[in-house]
Amino acid sequence: MGLRDVWRHEALDFTKWLEENIDVLNEATDLQLSGVEREQAVGAFSVDLIAEDQDGRPVVIENQLEQSRPPW
């Protein structure tokens, strides 16, 4: 089973799942992220998730299910 079989749409499915299951990312990275918010503006861009670490510092999470393709 591939990632796209579980999460068909990266932003609508995977990002939402990750927001709701931040404890899985916390365990995998040994971080304690909280206050997770989806699709937040950062300058001219929008990030998938933004959270706060145990020291109150912002953490930007950009997820990607597949390899990026060059624009050319």
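In this predicted model, R38 sits in strand β1, which covers residues 34-42. With a relative accessible area of 33%, R38 counts as partly exposed, because that value falls between the 20% and 50% cut-offs. Leaving aside residues up to four places away in sequence, R38 touches T15, K16, E19, D48 and L49. One of these, K16, is 22 residues apart from R38 along the chain, yet their C-alpha atoms are separated by just 7.6 Å. With E19 there is also a polar contact, side chain to side chain, at 2.8 Å.

Next up is N63, found in the segment after β3 (58-61). Here the relative accessible area drops to 8%, so N63 is buried, the cut-off being under 20%. Its side chain and that of T15 are joined by a polar contact of 2.9 Å. Once residues up to four places away in sequence are set aside, the contacts of N63 are E10, F14, T15, L18 and D48. Two names turn up again: T15 and D48 are touched by R38 and also by N63.

That leaves the strand just before N63. β3 shows two faces: V59 and I61 are on the covered one, while P58 and V60 are on the uncovered one. Strand β2 (residues 45-52) runs antiparallel to β3, and 4 bridges join the pair. Across from V60 in β3 stands I50. The β2 and β3 hairpin has 5 residues between its strands, and in it G56 adopts a positive phi near 85°.

Technical notes
Residues are numbered from 1 along each chain as its sequence is written. This is a predicted model: local features need pLDDT of at least 70, side-chain atom pairs count only at pLDDT 80 or more; totals for chains, interfaces and linings use all residues. Side-chain values use heavy atoms; hydrogens and water are left out. Buried means under 20% relative accessible area, exposed over 50%, partly exposed in between (1.4 Å probe, protein chains only). Contact means heavy atoms within 4.5 Å. A polar contact is a pair of N or O atoms within 3.5 Å; within protein, one must be able to donate a hydrogen and the other to accept it, and residues adjacent in sequence count only if both atoms are side-chain atoms. Two strands pair if DSSP finds at least two bridges between them.
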